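Reader: I am new to this structure and would like a close look at a single part of it. Could you take me through the pockets, and then through whatever else helps me find my way around them?

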Amino acid sequence: MENFPVINLEKMNGEERAATMKKIKDACENWGFFELVNHGISHELLDKVERKTKEHYKKCMEQRFKEVVANTALEGVQTEINDRDWESTFHVRHLPESNISQIPDLDDEYRKTMKEFAVELQKLAEELLDLLCENLGIEKGYLKKVFYGSNGPTFGTKVSNYPPCPKPDLIKGLRAHTDAGGIILLFQDDKVSGLQILKDGKWVDVPPMRHSIVINLGDQLEVITNGKYKSVEHRVIAQPDGTRMSLASFYNPGSDAVIFPAPALLEEAKQVYPKFVFEDYMKLYVGLKFQAKEPRFEAMKAVETTAVI
């Protein structure tokens, strides 16, 4: 198996820029995932995010998770569980309006750290969208503009911890799915692994690397690129030892953004994907997250034929 793509973003500033862009293009076309190092977010900030997230889990979430496990008798399961995940999570919304002040149990330092982190991630997401535009041969800023809708993009972070699991063969940390949205930026544990992607019919580990940010493409980028780039199925394997930390930040279109294949990419290819409003896709996705994406696209085609967007 070829190596999981790791991209050094620092090389964008020198003579290796063309080779780095080619690596990003290959990762988008053939993997749907890549891992970024030297991405411009300070190690100091990442260390603080990790420390505060792990402290918060120990103090506020761990006991709650144990109670849920006890109440649902998950530890004693004898057959595979397909309707729940072995994870402890909470969600933070950054855009269009932050809800971080309303989330209970977060101390002031953690709130401040998450706000700083969100600013840096947004910057990185928008920089990456422009690099994708360049590789696709479409005008700079096009993806950002499509994502904008009337109120700007939707941006939020799912903060997850995957505790040690006594039956990792019978329950997943997170069941296999593709992500519904735009571009996803993941800051994950560098010691406890678990994230896998489906590549050429085989599950491949995403290597934990200190201070890296893992990038993956969501369903909306598959639609906008008319299938040139694909969203890829991934899952989290529960582990018998160690708690895995994961902060997945979703830079998505605004709820009223109209999503459709970029006209510049249809000059040489037939339009394969439908046109729809992002919020309509999300309503459908909520009930079908852990199923194949193709029927979701087909359902949106059916909507498109009955409505003029």
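Author: In this predicted model, strand β4 makes the largest contribution to the lining of the largest pocket, supplying 7 residues. β4, which spans 154-162, is one of several elements that each give at least two residues to that lining, the others being β3 (88-95), β5 (174-177), β6 (183-188), β9 (213-217), β10 (234-236), β11 (244-252) and the helix α6 (278-288). The lining comprises 32 residues, and those that lie nearest the centre of the pocket are His-91, Lys-158, Ala-248, Phe-250 and Lys-289. Sorted by class, the residues of this lining are 15 nonpolar, 12 polar and 5 charged, and the space they line has a volume of about 670 Å³. As background to such a description, rolling a probe the size of a water molecule over the atoms shows where empty space is left.

Strand β3, one of the contributors to that lining, also contains Leu-95, a residue that repays a closer look. With a relative accessible area of 22%, Leu-95 is partly exposed, because the buried class ends at 20% and the exposed class begins over 50%. Leaving aside neighbours within four places in sequence, Leu-95 is in contact with Gln-122, Pro-153, Thr-154 and Phe-155. One of these partners, Thr-154, is 59 residues away from Leu-95 in sequence, yet the two C-alpha atoms are 5.2 Å apart in space. Leu-95 is also joined to Pro-96 by a cis peptide bond, with omega at about 0°, and Pro-96 itself belongs to the loop between β3 and α3.

The second largest pocket has a volume of about 360 Å³ and a lining of 21 residues, with Leu-198, Ser-231, Val-232, Glu-233 and Lys-293 nearest its centre. Here the classes divide into 7 nonpolar, 7 polar and 7 charged residues. The elements that each supply at least two residues are α1, β5 and β7 (195-199), and α1 gives the most, with 3 residues.

Helix α1 (residues 17-30) also meets helix α3 (residues 108-136), for their axes come within 10 Å and cross at roughly 90°. The two helices are therefore roughly perpendicular to each other. On the side of α1 the contact is made by Arg-17, Met-21, Ile-24, Lys-25 and Cys-28, while α3 brings Leu-131, Leu-132, Glu-134 and Asn-135. Taken by class, this contact has 5 nonpolar, 1 polar and 3 charged residues.

Strand β7, another contributor to the second largest pocket, leads to a loop between β7 and β8 (202-205) in which Asp-200 is found. Asp-200 has a positive phi of about 50° although it is not a glycine, and with a relative accessible area of 61% this residue is exposed. A second residue other than glycine with a positive phi is His-211, whose value is near 65°, and whose place is in the loop between β8 and β9. His-211, however, is buried, with a relative accessible area of 13%.

Last comes Gln-220, which lies in helix α5 (residues 219-224) and counts as buried, its relative accessibility being 0%. Not counting residues up to four places away in sequence, Gln-220 touches Ala-180, Gly-181, Gly-182, Pro-253, Ile-259, Phe-276, Phe-278 and Tyr-281.

Key. Residues are numbered from 1 along each chain as its sequence is written. This is a predicted model: local features need pLDDT of at least 70, side-chain atom pairs count only at pLDDT 80 or more; totals for chains, interfaces and linings use all residues. Side-chain values use heavy atoms; hydrogens and water are left out. Axes are lines fitted to C-alpha atoms, for helices over the stretch in contact, and angles run from 0 to 180 degrees between N-to-C directions. Helices (H or I, at least four residues) and strands (E, at least two) are DSSP runs, numbered from the N terminus. Angles under 35 degrees count as roughly parallel, over 145 as roughly antiparallel, 65 to 115 as roughly perpendicular and the rest as oblique. Contact means heavy atoms within 4.5 Å. Ala, Val, Leu, Ile, Met, Phe, Trp, Tyr, Cys and Pro count as nonpolar, Asp, Glu, Lys and Arg as charged, and the others, Gly among them, as polar. On a 1 Å grid over the protein atoms alone, a cavity is a set of points where a 1.4 Å probe fits but cannot get out, and a pocket is an open set with protein on both sides within 12 Å along at least five of seven lines; lining residues have an atom within 4 Å of a point. Grid points are joined across faces, edges and corners, and a volume is the space filled by probe spheres set on the points. Buried means under 20% relative accessible area, exposed over 50%, partly exposed in between (1.4 Å probe, protein chains only).
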